[in-house]
Amino acid sequence: MLNRIVEQKKLEIKNLTLTNTEQKVQKKSLYQALTNANRKIGLIAEIKKASPSKGVLREQFSPVVIASEYMNANVDAISVLTDEIFFQGSNDFLTIVKENVNLPVLRKDFIIDSKQIIQSVHIGADAILLIGEILEPTELQDFYLQAYELGLECLVEVHSSQTLDGICKLFQPEIIGINNRNLMTFETNIQHTKEIIKNVPTGSIVVSESGIQHYHDLESVLEFGADAVLIGEAFMREDKPGNGIKRLFGEIDYEASQK
Ligand SMILES: O=C(O)c1ccccc1NCC(=O)[C@H](O)[C@H](O)COP(=O)(O)O
């Protein structure tokens, strides 16, 4: 699947023409938000309509409504899927979310070309995802430096410890995401964070990504040493994603959240 996504991105990039229209947005730092998290663990809440592993997650889909629920539930940052083909996302979703919230917004896509980084600035992103499993370490470092020069922060995501080691031999990313989901097989396991975090150099913020559904998952990744979590599906499946957050963190009980 990951290979299919990357092949599709290559086609999209061939047709990508950059406009000069840059969104006038107030930049918000993902790093700052996660180091000063509102809860005992930082929370990046994701807006994704569908995923390759699960299909459509949410029929009633308004990015602005979801974003305002997230904001009212005190998330630290919002991640927006912008990939159209596999996640039914859109760059416009990111732009409109950024216009309506006062939080850092992460562009979740499959960045394999520097044009996509410039485009991320144009659409109003504060940060981008760089996936270690689809980039050579030197290429990832180049993209990382380009992004910071353009005023974007990066969440550098890895799944395997080999990928992490390859990157950390070159440089130390400020924010490292450990994806609990293997993007080739879709197998997801929270324990993966425990395995990989041992190899993360001190000083980076660690975000545990994917498969977090319950309070005990939060407790586990916190115990493993993660600073933040990135959660999508669990909130997307809720009638009111904001209540989903409060329930996940044990801030309201199930019955109250149904009212
Ligand atoms: O979500 C997928 O099925 C997926 C498939 C292939 C590549 C990436 C994929 N997801 C991107 C993500 O990293 C997740 O959306 C994110 O970590 C949130 O995960 P979850 O809470 O399990 O929705």
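Here is a short chat about reading helix packing, burial and the nonpolar core in a predicted model.

Trainee: How do I describe two helices that pack together, and what are the values for helix 6 and helix 7?

Mentor: In general, you give the angle between the two axes and the distance between those axes. In this model, helix 6 (residues 137-149) packs against helix 7 (residues 161-170) at about 60°, and their axes are 9 Å apart. That angle makes helix 6 oblique to helix 7. Their crossing is right-handed.

Trainee: Which residues make the contact?

Mentor: From helix 6 you have Pro137, Thr138, Leu140 and Gln141, and from helix 7 Gly166, Ile167 and Leu170. Sort them by class and you get four nonpolar, three polar and no charged residues.

Trainee: Okay, now the core. Which residues have the most contacts inside the largest nonpolar core?

Mentor: Nonpolar side chains tend to be buried together in soluble globular proteins. Here the largest nonpolar core has 69 residues, and Ile78, Ile128, Leu130, Cys154, Val156, Val207 and Val229 have the most contacts inside it. Strand 6 (residues 127-131) gives the most to this core, with five residues. Try Cys154 in the viewer: leaving out residues up to four places away in sequence, Cys154 touches Ala127, Ile128, Leu130, Tyr144, Ala147, Pro173 and Ile175.

Trainee: And why is helix 11 largely enclosed by the rest of the structure?

Mentor: Count its buried residues: seven of the eight in helix 11 (residues 241-248) are buried, so the rest of the structure largely encloses it. Those are Pro241, Gly242, Asn243, Gly244, Ile245, Arg247 and Leu248. After helix 11 comes Gly250, with a positive phi near 70°.

Note on methods
Residues are numbered from 1 along each chain as its sequence is written. This is a predicted model: local features need pLDDT of at least 70, side-chain atom pairs count only at pLDDT 80 or more; totals for chains, interfaces and linings use all residues. A residue is buried if 20 or more other C-beta atoms lie within 10 Å of its own, exposed if 12 or fewer, and partly exposed in between; C-beta atoms are placed from the backbone. Helices (H or I, at least four residues) and strands (E, at least two) are DSSP runs, numbered from the N terminus. Axes are lines fitted to C-alpha atoms, for helices over the stretch in contact, and angles run from 0 to 180 degrees between N-to-C directions. Angles under 35 degrees count as roughly parallel, over 145 as roughly antiparallel, 65 to 115 as roughly perpendicular and the rest as oblique. A crossing is left-handed if the near helix is turned anticlockwise from the far one by less than a right angle, and right-handed if clockwise. Two residues are in contact if their C-beta atoms, placed from the backbone, lie within 7 Å. Ala, Val, Leu, Ile, Met, Phe, Trp, Tyr, Cys and Pro count as nonpolar, Asp, Glu, Lys and Arg as charged, and the others, Gly among them, as polar. A nonpolar core is a set of buried Ala, Val, Leu, Ile, Met, Phe, Trp, Tyr and Cys residues joined through C-beta atoms within 7 Å.
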